[in-house]
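Here's a walk through one protein model, written for someone who likes to check things against the coordinates. Have the viewer open and follow along.

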Amino acid sequence: MAKLRKLWSALEAPCSVAGVRAELKQILGEELAFAEPFLRRLPDPSQTYPCPQIGWRGCPRRVITHPDGRIVAACGCDPPECETLSLRPQDVVRYELDVGLLCKFLGRALGFAVSATRLAGKRSVWNAGLIRVDGITRLPVWLILAASRAELRNTMDSLLATYEGPFVALVPTLRFVDASLEGDLRRRKARLIALQDAVVIDNGKLSAPRDLPGLLGAAAQGEVPAKPKRRYRAPRSIGSEEAVQAVQSYMRARGWSITVFANQCGTTGRAVHKFFKTHEIRRSLFEAMANQIGVTVEELLHGELPPKYRR
């Protein structure tokens, strides 16, 4: 059995999992095949197409439909920095991940009745369904797609304040979970389940371990299984979508390519390119980027730039 990593991480990104297949392939890699059942087609074709050089002033490529029906993706730079591509109509079809379809799959896999409705006023919270405990009691199962530690904390605080009794919370990964949040949930006899651990690839298909429905039922009753203590480690990686946008604005203002900026920060173009795609980079390199730009790490995380580099 193998774990999905890119899909669950993408669900915690500030922007949604959406775009043409070429973009989804960049985000999900080989895991795109497992995300297919959760994608829905959007009505309007894309007006842009991904570029090989992220960060140039002309990115992404513009989609142009000629009178004779030919479709191309053209670089917006002058002179062009990347080649013009000939596209098929299916190449510019846009898709997005349908959380309702994901909830239905999770209900079947984990053994709870599905409702799949977004919580009113909450961007990242879905009432995924209900789980039946002891044959009578039904408890809510929440799917939370928070994009930061602060958003997850605020969401959990809202659920704990609004709803009495235990519940089950599903999150893509545990990277935004800290000891304080775990303690608050334990006192409420609620259980946090990471989809990265709960849903695996088995024989080429997504499935859940056989004992997970029983684990969810036990958790709903507050019977939290004992687990060995783990020493806390600060996250190795850091970043945000706002930081990526700030770095790209800085590069445009200086007229720098990815290679030049990377050299100034003591890293490689490949590392910066990956940062633009994943919104995360090793902490020491993030600090080097902030120092190069002339801001603090916290300011760069929030996308803040010195006035002369703002556009």
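## Sheets, a helix pair and one loop residue

Three bridges hold strand 6 (residues 71–74) and strand 7 together, and the two run antiparallel. Within that pairing, Val72 has Ser86 of strand 7 as its bridge partner. Before going further, keep in mind that this is a predicted model.

**The four-stranded sheet**

Strands 6 and 7 belong to an open sheet of four strands, ordered 4-5-6-7, with antiparallel pairing. The edges are strand 4 (48–49) and strand 7 (85–87), each of which pairs on one side only. Here is how the neighbours in this sheet line up:

| Strand pair | Bridges | A residue and its partner |
|---|---|---|
| Strand 4 and strand 5 (residues 61–65), antiparallel | two | Tyr49 opposite Arg61 in strand 5 |
| Strand 5 and strand 6, antiparallel | four | Val63 with Ala73 in strand 6 |
| Strand 6 (residues 71–74) and strand 7, antiparallel | three | Val72 with Ser86 in strand 7 |

What sits between strand 5 and strand 6? The two strands make a hairpin with five residues between them. If you're scanning backbone torsions, look at Gly69 in that turn, where phi is positive at about 95°.

**The three-stranded sheet**

There's also an open sheet built from three strands, in the order 1-14-15, again with antiparallel pairing. Strand 1 (2–3) and strand 15 (205–207) are its edge strands, each pairing on one side only. Strand 1 meets strand 14 (residues 200–202) in the antiparallel sense over two bridges, and Lys3 stands opposite Val200 of strand 14.

**Helix 5 against helix 6**

Now to the helices. Two packed helices are described by the angle between their axes and the distance between the axes. Helix 5 (residues 149–162) packs on helix 6 (residues 179–187) at an angle of about 15°, and the axes lie 11 Å apart. Angles under 35 degrees count as roughly parallel, so helix 5 and helix 6 are roughly parallel to each other. Helix 5 passes helix 6 in a left-handed crossing.

Which residues make the contact? From helix 5 come Leu152, Arg153, Met156 and Leu160, and they meet Ser180, Leu181, Asp184 and Leu185 of helix 6. Sorted by class, that contact has five nonpolar residues, one polar and two charged.

**Ser124, up close**

Where is Ser124? Look in the loop between strand 9 (113–118) and strand 10 (125–133). Is Ser124 buried or exposed? The relative accessible area of Ser124 is 4%, and buried means under 20%, so Ser124 counts as buried.

Who's around it? Setting aside neighbours within four places in sequence, Ser124 is in contact with Leu143, Ile144, Leu145, Ala146, Glu151 and Thr155. For a C-alpha check, Ser124 and Ala147 are 8.2 Å apart in space and 23 residues apart in sequence.

**Zooming out**

The protein as a whole has 13 helices and 17 strands. Of its 311 residues, 45% count as buried. As for contacts with a separation of 6 or more, 56% are between residues 24 or more positions apart.

Notes:
Residues are numbered from 1 along each chain as its sequence is written. This is a predicted model: local features need pLDDT of at least 70, side-chain atom pairs count only at pLDDT 80 or more; totals for chains, interfaces and linings use all residues. Side-chain values use heavy atoms; hydrogens and water are left out. Axes are lines fitted to C-alpha atoms, for helices over the stretch in contact, and angles run from 0 to 180 degrees between N-to-C directions. Angles under 35 degrees count as roughly parallel, over 145 as roughly antiparallel, 65 to 115 as roughly perpendicular and the rest as oblique. A crossing is left-handed if the near helix is turned anticlockwise from the far one by less than a right angle, and right-handed if clockwise. Contact means heavy atoms within 4.5 Å. Ala, Val, Leu, Ile, Met, Phe, Trp, Tyr, Cys and Pro count as nonpolar, Asp, Glu, Lys and Arg as charged, and the others, Gly among them, as polar. Two strands pair if DSSP finds at least two bridges between them. Buried means under 20% relative accessible area, exposed over 50%, partly exposed in between (1.4 Å probe, protein chains only).
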